[in-house]
Amino acid sequence: MANINFSSRVGVWWTSDRWPINDVVARAREIENLGYASLFYGEAGGKETFTQAAALLGGTERLVVGTGIANIHARSAPASEAGARTLGALHPGRFVLGLGVSHAPLVEHSYAGSYSKPLATMREYLRTMDAVPDAVEPDGQRPARLLAALGPKMIDLSGKAADGAHPYLVTPEQTAYTRDQLGPDKWVVSEQGVALTTDRETALRRAHQHLHMYSQLPNYRNSWLRQGFDESDVVVGGSDKLAEAMVAMGDAETVAARVQAHLDAGADQVVVQVLGDDPSADPLPALRELAPALGLRSA
C-alpha cells in the first residue's frame with residue numbers, strides 16, 4: 001500500500017474553485033497550522049487539479065493534498081500517472097491521487113465522452129496507468145491512488161486495483177461497509193459535511209442547499225438507496241432525514257462525535273467539509289472552532 005504521511009486523523013474537504021489560488025494557498029497554510037492533516041478538493045470544471053495540487057503542496061510543509069476527485073475523463077491515463085508521479089517525487093507521502101468516473105451529465109455534456117460502462121472504463125484507466133514506464137520519474141515512488149467508490153463493484157475495484165477508497169456523502173455505517181470490503185490494508189478517507197450551528201433551521205437549510213445538486217445525480221441517489229434510504233428521501237435537495245444523516249449539525253462537540261463515528265467505523269482519515277449559507281464562504285472560522293473539539297493541536 002502506498003504511503004500517506006497523515007499527521008492526524010482529520011483533514012478538510014474544500015471546494016475552492018471560486019477563490020484566487022494565492023488565497024487558497026494562504027488558507028491551506030492556516031489549515032495545516034491548525035492541525036488538520038490534509039486538504040482534499042473536487043474537480044468539476046474549475047481549477048485544473050494537478051496545477052492546484054502543485055500550488056498547495058509547494059505552499060505548505062506537512063499538509064497532505066488529495067484530489068477528491070480527479071475526473072478520469074478530463075485527461076488521459078498516462079497524463080494522470082505522469083503528473084501524480086512527479087508530485088509524489090517532489091513531495092513524498094504528501095500527495096494522494098483520488099480518481100473518479102464522475103457523472104453522466106458532466107461527462108457527456110462537458111467532456112463529450114461516454115458514460116456507458118464506468119466500471120470497465122475505470123479498470124482500463126488504472127491498467128493503462130500501471131503500464132506507464134518507470135522512466136517517467138525514475139526516482140519517484142507512485143503516490144497513493146484512491147477511487148471515488150460508492151457502489152460495491154467500484155469499492156471492490158478500489159481494493160484490487162488501487163490503494164483504497166474516498167467515500168463521499170456517506171454514513172458511518174457505509175464507511176464501516178467500505179472498510180469491511182477492503183480489509184485492513186487499504187486506505188479509507190471519508191468525507192463528512194458539517195453545518196456548525198445549533199440552529200436546526202439554519203443547519204437544514206445549509207444541508208439541503210449542499211445536497212441539491214447531488215440529489216439529481218443517479219450515482220448519489222443509488223448510493224443513498226443502498227445505504228437504507230428510500231425514494232421519499234432522495235427528492236431534490238434531500239429529505240430532512242437524509243440531510244441529517246449526510247451532514248453533521250450542531251456545536252463543535254456534536255460534529256466531532258460524528259467524525260469519531262467514521263473513525264471508529266474504520267476510516268483512516270475523515271475530511272470535514274464546512275457548509276455555509278454561501279457555498280463559496282471562507283471555511284476557516286468554522287475550522288478554527290472545530291479544531292479543539294477534534295483534538296487537533298496547532299503548530
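These legends accompany several views of a predicted model.

**Figure 1. The whole protein, with its twelve helices and ten strands.** Welcome to the overview. The radius of gyration is 18 Å, close to the 19 Å that the globule rule gives for 299 residues, so the protein is as compact as a globular protein of that length. Taken along the principal axes, the box filled by the C-alpha atoms is roughly 55 × 45 × 35 Å. Among contacts between residues at least 6 apart in sequence, 75% join residues at least 24 apart.

**Figure 2. Surface and charge of the protein.** About 12,500 Å² of the protein is exposed, and carbon and sulfur atoms supply 50% of that area. Buried residues, for their part, make up 55% of the 299 residues. If you are thinking about electrostatics, the protein carries 27 positive and 35 negative side chains. The centres of these two sets lie 3 Å apart.

**Figure 3. The largest nonpolar core, a set of 58 residues.** Good residues to find here are Tyr-36, Leu-99 and Met-122, which have the most contacts inside this core. Take Met-122 as a guide: leaving aside its neighbours within four places in sequence, Met-122 is in contact with Ile-72, Leu-99, Gly-100, Val-101, Leu-147, Met-154 and Leu-157. Apart from this core lies another, of 35 residues, and Ile-4, Phe-6, Ala-203 and Met-249 are among its members.

**Figure 4. Leu-126 in helix H5.** Helix H5 spans residues 118-130 and includes Leu-126. With a relative accessibility of 1%, Leu-126 falls under the 20% cut-off and therefore counts as buried. Setting aside neighbours within four places in sequence, its contacts are Leu-99, Arg-145, Leu-147, Leu-157 and Ala-161. Leu-99, Leu-147 and Leu-157 also appear in the contact list of Met-122. For a sense of scale, look across to Arg-206: Leu-126 and Arg-206 are 80 residues apart in sequence, and their C-alpha atoms are 36 Å apart in space.

**Figure 5. Gln-52 in helix H2.** This view turns to a glutamine in helix H2, which covers residues 49-58. Gln-52 has a relative accessible area of 2%, so this residue is buried. Not counting residues up to four places away in sequence, Gln-52 touches Ser-16, Asp-17, Ile-21, Val-24, Tyr-41 and Lys-47.

Key. Residues are numbered from 1 along each chain as its sequence is written. This is a predicted model: local features need pLDDT of at least 70, side-chain atom pairs count only at pLDDT 80 or more; totals for chains, interfaces and linings use all residues. Side-chain values use heavy atoms; hydrogens and water are left out. A nonpolar core is a set of buried Ala, Val, Leu, Ile, Met, Phe, Trp, Tyr and Cys residues joined through side-chain atoms within 4.5 Å. Buried means under 20% relative accessible area, exposed over 50%, partly exposed in between (1.4 Å probe, protein chains only). Contact means heavy atoms within 4.5 Å. Helices (H or I, at least four residues) and strands (E, at least two) are DSSP runs, numbered from the N terminus. The radius of gyration is taken over C-alpha atoms; the globule rule is 2.2 Å times the number of residues to the power 0.38. Accessible areas come from the Shrake-Rupley method with a 1.4 Å probe; for residues, only the protein chains shown count as cover. Lys and Arg count as positive and Asp and Glu as negative; His and the chain ends are not counted. The place of a charge is taken as NZ of Lys, CZ of Arg, CG of Asp or CD of Glu.
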